[in-house]
Amino acid sequence: MNSQSQPHADANNTAEPTPDLVIDASGLACPMPLLKAKQGLNRLESGQILEVRATDPGAERDIPAFCSISGHKLLQVRAANALFSYWLQKR
């Protein structure tokens, strides 16, 4: 985990936020990407950023919905070649 304080990009910024932890859930089927994201967030402190990489199309729905109900901030989403990347800031 990165202990330095760094500015973080928001959802409208083209720069990718700098993650404190990266979870690669590519190749895992639903609900595993969401479970891995929850486990990753549990390892972080408030304000830190988690990057989750997933190939499961269900993550497109699950991760933003999870952020909405849990209070974590979805900073950015990127999709390229069936790989989805999500940057979440822990509340």
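Select R78 first: at 31% relative accessibility, this residue counts as partly exposed. The model is a predicted one, and R78 is a convenient starting point for the tour.

**Stop 1: R78 and its two partners**

With R78 still selected, add E16. These two residues form a salt bridge in which the closest N and O atoms are 3.2 Å apart. The link joins distant parts of the chain, since E16 belongs to the segment before β1 (21-25) and R78 to strand β3 (residues 73-80), 62 residues apart. E16 is partly exposed, with a relative accessible area of 46%.

Next, keep R78 and add S85. S85, in β4, is the bridge partner of R78. R78 therefore takes part in a salt bridge with E16, being itself partly exposed at 31%, and also in the pairing of β3 with β4.

**Stop 2: the sheet**

Now display the strands alone. Four strands make up an open sheet in the order β1-β2-β4-β3, with mixed pairing. Its edge strands are β1 and β3, each of which pairs on one side only. On average, neighbouring strands of this sheet are turned by 15° against each other, direction ignored.

Select β3 together with strand β4 (residues 83-89): the two pair in the antiparallel sense over 7 bridges. Besides R78 and S85, the pair L74 and L88 can be picked out here, L88 being the bridge partner in β4.

Then move to the other side of β4 and select β2. The strands β2 and β4 run antiparallel and are joined by 6 bridges. Along this pairing, E51 stands opposite W87 in β4. Is β4 mostly covered, or mostly open? Mostly covered: 6 of its 7 residues are buried.

**Stop 3: E51 and R53**

Stay with E51 and add R53. Their side chains meet in a salt bridge at 2.9 Å, N to O. E51 counts as buried, at 7% relative accessibility, whereas R53 counts as partly exposed, at 30%. E51 thus has W87 opposite it in β4 and R53 as its salt-bridge partner.

**Stop 4: the hairpin turn**

Follow β3 to its end and select N81 and A82. The strands β3 and β4 form a hairpin with 2 residues between them. N81 is in the loop between β3 and β4, and its phi is near 50°, a positive value in a residue other than glycine. A82 has its place in the loop between β3 and β4, and its phi is positive as well, at about 65°, although A82 is not a glycine. Most residues other than glycine have a negative phi, and most peptide bonds are trans. N81 counts as exposed at 83% relative accessibility, and A82 counts as exposed at 54%.

**Stop 5: the peptide bond before P31**

Select C30 and P31. A cis peptide bond joins them, with omega at about 10°. P31 lies in the loop between β1 and α1, which leads the tour to the helices.

**Stop 6: the helices on the sheet**

Show α1 with the strands. This helix lies across β1, β2 (49-54) and β4, and runs at about 160° to β2. Then add α2, which packs on the sheet and touches β2, β3 and β4; the direction of α2 makes about 5° with that of β4.

**Stop 7: where the helices meet**

Hide the strands and keep the two helices. Two packed helices are described by the angle between their axes and the distance between the axes. The axes of helix α1 (residues 32-43) and helix α2 (residues 59-70) come within 9 Å and cross at roughly 35°. The crossing of α1 past α2 is right-handed.

Which residues of α1 and α2 meet? Select P33, L34, K38 and L41 in α1, and A59, D62, I63 and F66 in α2. The residues of this contact divide into 6 nonpolar, no polar and 2 charged.

**Stop 8: D62 and R61**

Finish with D62, one of the α2 residues that meet α1, and add R61. D62 forms a salt bridge with R61, the closest N and O atoms being 3.2 Å apart. D62 is buried, with a relative accessible area of 17%, while R61 is exposed, with a relative accessible area of 55%. A search of the whole structure finds 3 salt bridges; the tour has visited E16 with R78, R53 with E51, and D62 with R61.

Methods. Residues are numbered from 1 along each chain as its sequence is written. This is a predicted model: local features need pLDDT of at least 70, side-chain atom pairs count only at pLDDT 80 or more; totals for chains, interfaces and linings use all residues. Side-chain values use heavy atoms; hydrogens and water are left out. Axes are lines fitted to C-alpha atoms, for helices over the stretch in contact, and angles run from 0 to 180 degrees between N-to-C directions. A crossing is left-handed if the near helix is turned anticlockwise from the far one by less than a right angle, and right-handed if clockwise. Contact means heavy atoms within 4.5 Å. Ala, Val, Leu, Ile, Met, Phe, Trp, Tyr, Cys and Pro count as nonpolar, Asp, Glu, Lys and Arg as charged, and the others, Gly among them, as polar. A salt bridge is a side-chain nitrogen of Lys or Arg within 4 Å of a carboxyl oxygen of Asp or Glu. Buried means under 20% relative accessible area, exposed over 50%, partly exposed in between (1.4 Å probe, protein chains only). Two strands pair if DSSP finds at least two bridges between them.
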